[in-house]
Amino acid sequence: MGENRLFKKFIISYFCFVLLPFGVILTGVVAYANRLQLKNDIIQNENLASQIVNTISRQTELAENMCDSILQNQSILNFFDKEYVSSPDLNYYRTTIYEFVKTTNGMSDIRLRVYLENTSIPMGFGIFYPMRYINQGEVFQAFYNSGQESIWLDGDFDKELPENKRLGSDDTYHFLHKIQSGNRLLGVVEAMVPGRVLTAHDVLAQPGFIVVDGCYFYNYSEQSLTEDRLRSFTAGDTAGHTPSLVYSRYELPNGLFDIVVISPRSQITFLAALAILLLLVVVVVMLAGFFAYNRRLIQDIHHCLDEMAAAIENDFNPPAGLQSFSIDGISKRKDEISVLARRITYLLGQIRFLLDQKIQEETAAKEAVLLALQHQINPHFLYNTMEAFSARMELAGLYEESGAISAFCRMLRYNLNTKDLMSTLEDEIAQVKYYIAIQRIRDIPFEIRFDIPRELLGERVIRFLLEPFVENSFKYRGKAVPLQIFISAEKAGGQIAFLIMNNGEPLSPERAAELNERFKNNPVSVKSHGTRVGLNNINSRLKLFYGDSHYIQAGCDGKNTTFRFLVECRPNQ
């Protein structure tokens, strides 16, 4: 056995069914672990970003609440609305209002300013200013004349003004809220928020932030990122990842600026990669040890296969000369290979026996064919002899008898032709007519009618289908004079429905029920009834050829006996 050595097959099968699946599974596990780690990194990054957003949101809410504390104090709003004229107003201004604003400003680094339309109220305390200090910029005017109650603006909202008239600065954000009394505007209250308040310093020990194009970047990775690289995180999805980073982008609800939090992705460590490599090395070493240990096993299998190959080349006859090996020694051991060797020896002996038996059977089969060919001489001798009698009767003027013998010969030829299971409906009708020609010499009065459309004559049906019904009608004709037989066929979907009716001896209801029960439920039988083909034979052949749903149905109306059945349409080809 020099081709396709078993050792190579073992290696290939071990690779295909062990190493390759192991590698695929290992790769899948690593990829799945990587996806889980990435998912975990994204969740941690989003949690970190959420904490930063919450920290900044608390500061913006504080600024808004500081403004609301003034707007919800009705006494202060009344003071802003009325004309400042008396010393009690001055006292109220210096004490109550000043202390309220001072206390509010002292709560954090956020500072409040109030800009008023009421010019009678003096400017003071670094808190109260007339509207002309703030209403010169276009952005403010657009807000003040709109339906908005409040707005957040960054430090360059009044950058179109001269520097000495600007209120904003690059590191300050401004929350403005209108002061209204009914439908009248009294001014605005402003919360000035330094940028350092909104940058959430030291959240989770973060290393600091970078501002690029008004967007705050919190880089928790150890990578140094360029401004162009940072800008790439502001486009596209609000969360994503690169081979080494994950990021989340949030836009503050008030629209001040975007926050992008960047953190590193967890990577497979060197130790993990080394462990995987060592695992593969162990598998390869196990493979080598497996084949080294089972080398003798493989050699013994080779010996068994070589013994079989030698037997095949020698037509399963024992080898003529001595061989360099023999499985007899292997058969004497007590292991699975010895069982294989004994089974091979037994199998080769059985094959030799069966080959000898097959040769004997083929010889006997040839003898049987020769004998069958000899037996075919007898039917042909019978056909020729009957045809000779028919010719002599016709010469003698016995035309009716000559026609009957000729019809009998045609029927005999049709019935003894067993090479075809099917025939055309036209041939079956001809068979009935031959049988009628024979019956005419018996002086039995009868009439027979056919109602079969011409287009159905080419349909193929099983042989010996109609003549047994006509024969049955003559046998059970009773006292009918004349005996009337009617045969019809019609198309019924993909099937042909046959009806055979006669006015002979009527069937009793009990007999009809018995026949129908037998035709429908009795198992198929191959038993013959004498020398004729009975209705049971037809019923069995209908079930065998067309299926169990095809069987004869008998009926009687007290005068006429009917037999009905269906066959599948199979046009002649």
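Two strands are said to pair if DSSP finds at least two bridges between them; helices (H or I, at least four residues) and strands (E, at least two) are DSSP runs, numbered from the N terminus. The model is predicted: local features need pLDDT of at least 70, side-chain atom pairs count only at pLDDT 80 or more, and totals for chains, interfaces and linings use all residues. Residues are numbered from 1 along each chain as its sequence is written, and side-chain values use heavy atoms, with hydrogens and water left out.

**Exercise 1. State the strand order of the open sheet that contains β1, and identify its edge strands.**

Step 1. The five strands of this open sheet follow the order β2-β1-β5-β4-β3, and their pairing is mixed.
Step 2. The edges are β2 (128-130) and β3 (150-153); each has a single partner strand, so one side of each lacks a neighbour in the sheet.
Step 3. From one strand to the next, the twist averages 25° (axes are lines fitted to C-alpha atoms, for helices over the stretch in contact, and angles run from 0 to 180 degrees between N-to-C directions).
Step 4. Strand β1 (residues 111-116) runs parallel to β2, and three bridges join them. Leucine 116 has proline 130 in β2 as its bridge partner.
Step 5. Helix α2 (residues 74-81) lies across β1, β2, β4 (172-181) and β5 (184-194), at about 120° to β5. Contact here means heavy atoms within 4.5 Å.

**Exercise 2. Describe the open sheet that contains β12, together with the helices lying across it.**

Step 1. This open sheet has five strands in the order β12-β14-β15-β17-β16, with mixed pairing.
Step 2. Each of the edge strands, β12 (446-451) and β16 (553-556), has a single partner strand, so one side of each is without a neighbour in the sheet. The twist averages 15° from one strand to the next.
Step 3. Strands of a sheet pair through backbone hydrogen bonds, either parallel or antiparallel. Six bridges join β12 to the parallel strand β14 (residues 483-492), and isoleucine 448 stands opposite isoleucine 485 in β14.
Step 4. Antiparallel pairing joins β15 to β17 through eight bridges, with isoleucine 496 opposite valine 567 in β17. Strands β16 and β17 are also antiparallel, joined by four bridges, and glycine 555 has threonine 562 in β17 as its bridge partner.
Step 5. Helix α13 (residues 425-439) lies across β12, β14 and β15 (495-502), running at about 170° to β12. Helix α14 (residues 467-475) lies across β12, β14, β15 and β17 (561-568), at about 155° to β14.

**Exercise 3. What backbone features are found at phenylalanine 464, proline 482 and glycine 558?**

Step 1. Most residues other than glycine have a negative phi, and most peptide bonds are trans.
Step 2. Phenylalanine 464 is not a glycine, yet its phi is positive, about 55°. Phenylalanine 464 lies in the loop between β13 (460-462) and α14 and is partly exposed, with a relative accessible area of 21%. Buried means under 20% relative accessible area, exposed over 50%, and partly exposed in between (1.4 Å probe, protein chains only).
Step 3. Valine 481 and proline 482 are joined by a cis peptide bond, with omega about -10°; proline 482 lies in the loop between α14 and β14.
Step 4. Glycine 558 takes a positive phi near 95° in the hairpin of β16 and β17, which has four residues between the strands.

**Exercise 4. Locate the salt bridge found in a search of the whole structure, and explain the spacing of its residues.**

Step 1. The search finds one salt bridge, defined as a side-chain nitrogen of Lys or Arg within 4 Å of a carboxyl oxygen of Asp or Glu.
Step 2. Its partners are the side chains of glutamate 514 and arginine 511, at 3.4 Å from N to O.
Step 3. Because glutamate 514 and arginine 511 are three residues apart in helix α15 (residues 509-521), about one helical turn separates them.
Step 4. Both are partly exposed: the relative accessible area is 45% for glutamate 514 and 35% for arginine 511.

**Exercise 5. At what angle do α15 and α16 pack, and which residues meet?**

Step 1. The helices pack at about 35°, their axes 9 Å apart.
Step 2. Arg518, Phe519, Lys520 and Asn521 in α15 meet Leu535, Asn536, Asn539 and Lys543 in α16.
Step 3. The buried residues of α16, including Leu535 and Tyr546, pack against β11 (422-424), β13, α14, α15 and β17.
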